[in-house]
Amino acid sequence: MPRLSDKSLLAIAAVVDVALHARGMPVAAKALAARHDLPPRHLEPVLQALVHAGVLKGVRGPRGGYELARERRRISVAEVVRVVEAEADEAMETSPAIVRDIVQPAVAEAERAFEAALDGVTVEDLCRAAAQDTLRKGMPEGIDFTI
């Protein structure tokens, strides 16, 4: 069964957090890390990769941080996963014929189906789920997060 890496899950959570909390002001990496009990050194490389891919936008300065580079309905979960998993896509140099000819094609087909399913989930969908599930701790009700 396809499983997202911890790094992918962290990236998805970071993008959703930025979507929920960047209301006119960028979200500082330190604040994001504190909200999720993470050391900033684990989060910063993920955030930078998302900036380089055009998912997030980095804002410099004393009130700097991160904000979405596009509308949250235009960012899919699969896109976020592709960004952070791109560097981890190293295949075995030499694999047995059964792996190369039988197993890898079958797994690749399943991965494509999984990725297609993730393409159908947007950051907007996750923000709506967060609003319904009261994951917005300390945030007043009735705030509209539409960008």
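## Exercises on a predicted model

At 13% relative accessibility, E124 counts as buried. The structure is a predicted model, and the exercises below start from this residue.

**Exercise 1.** Find where E124 lies and which residues E124 touches beyond its sequence neighbours.

*Solution.*
- Step 1: locate the residue. E124 is part of helix α6.
- Step 2: recall the cut-off. Buried means under 20% relative accessible area, so E124, at 13%, belongs in that class.
- Step 3: look for partners. Setting aside residues up to four places away in sequence, E124 touches R72 and R73.
- Step 4: look at the side chains. Those of E124 and R72 make a polar contact, at 2.4 Å.

**Exercise 2.** Now step back and describe the order of helices and strands in the chain.

*Solution.*
- Step 1: count the elements. The chain has six helices and two strands.
- Step 2: read along the sequence. The pattern is α-α-α-β-β-α-α-α.
- Step 3: add the overall burial. Of the 147 residues, 33% count as buried.

**Exercise 3.** Work out which residues of helix α4 are buried, and what covers them.

*Solution.*
- Step 1: find the helix. α4 spans residues 77-85 and is mostly covered, with seven of its nine residues buried.
- Step 2: name the buried ones. They are V77, A78, E79, V80, V81, V83 and V84.
- Step 3: look around them. Their cover includes α1 (6-21), α3 (40-52), α5 (97-119) and α6 (123-132).

**Exercise 4.** Explore the largest nonpolar core and the surroundings of V15.

*Solution.*
- Step 1: take in the core. It has 34 residues, and V15, V18, L50, L56 and V80 are those with the most contacts inside it.
- Step 2: ask who contributes. At least two residues each come from α1, α2 (29-35), α3, β2 (65-68), α4 and α6. Helix α1 gives the most, with nine residues.
- Step 3: zoom in on V15. Apart from neighbours within four places in sequence, V15 is in contact with L50, V55, L56, L68, V80 and V123.
- Step 4: link this to a general tendency. In soluble globular proteins, nonpolar side chains tend to be buried together.

**Exercise 5.** Turn to the surface and decide whether V107 is buried, partly exposed or exposed.

*Solution.*
- Step 1: place the residue. V107 sits in helix α5.
- Step 2: apply the cut-offs. Partly exposed lies between 20% and 50%, so V107, at 40% relative accessibility, counts as partly exposed.
- Step 3: find its company. V107 forms a nonpolar surface patch with I98, I102 and V103, and together they have about 360 Å² of accessible area.

How values were computed:
Residues are numbered from 1 along each chain as its sequence is written. This is a predicted model: local features need pLDDT of at least 70, side-chain atom pairs count only at pLDDT 80 or more; totals for chains, interfaces and linings use all residues. Side-chain values use heavy atoms; hydrogens and water are left out. Buried means under 20% relative accessible area, exposed over 50%, partly exposed in between (1.4 Å probe, protein chains only). Helices (H or I, at least four residues) and strands (E, at least two) are DSSP runs, numbered from the N terminus. Contact means heavy atoms within 4.5 Å. Patches are made of residues with over 30% relative accessible area and no salt bridge: like charges are joined within 9 Å, nonpolar side chains (Val, Leu, Ile, Met, Phe, Trp, Tyr) within 5 Å. Accessible areas come from the Shrake-Rupley method with a 1.4 Å probe; for residues, only the protein chains shown count as cover. A salt bridge is a side-chain nitrogen of Lys or Arg within 4 Å of a carboxyl oxygen of Asp or Glu. A polar contact is a pair of N or O atoms within 3.5 Å; within protein, one must be able to donate a hydrogen and the other to accept it, and residues adjacent in sequence count only if both atoms are side-chain atoms. A nonpolar core is a set of buried Ala, Val, Leu, Ile, Met, Phe, Trp, Tyr and Cys residues joined through side-chain atoms within 4.5 Å.
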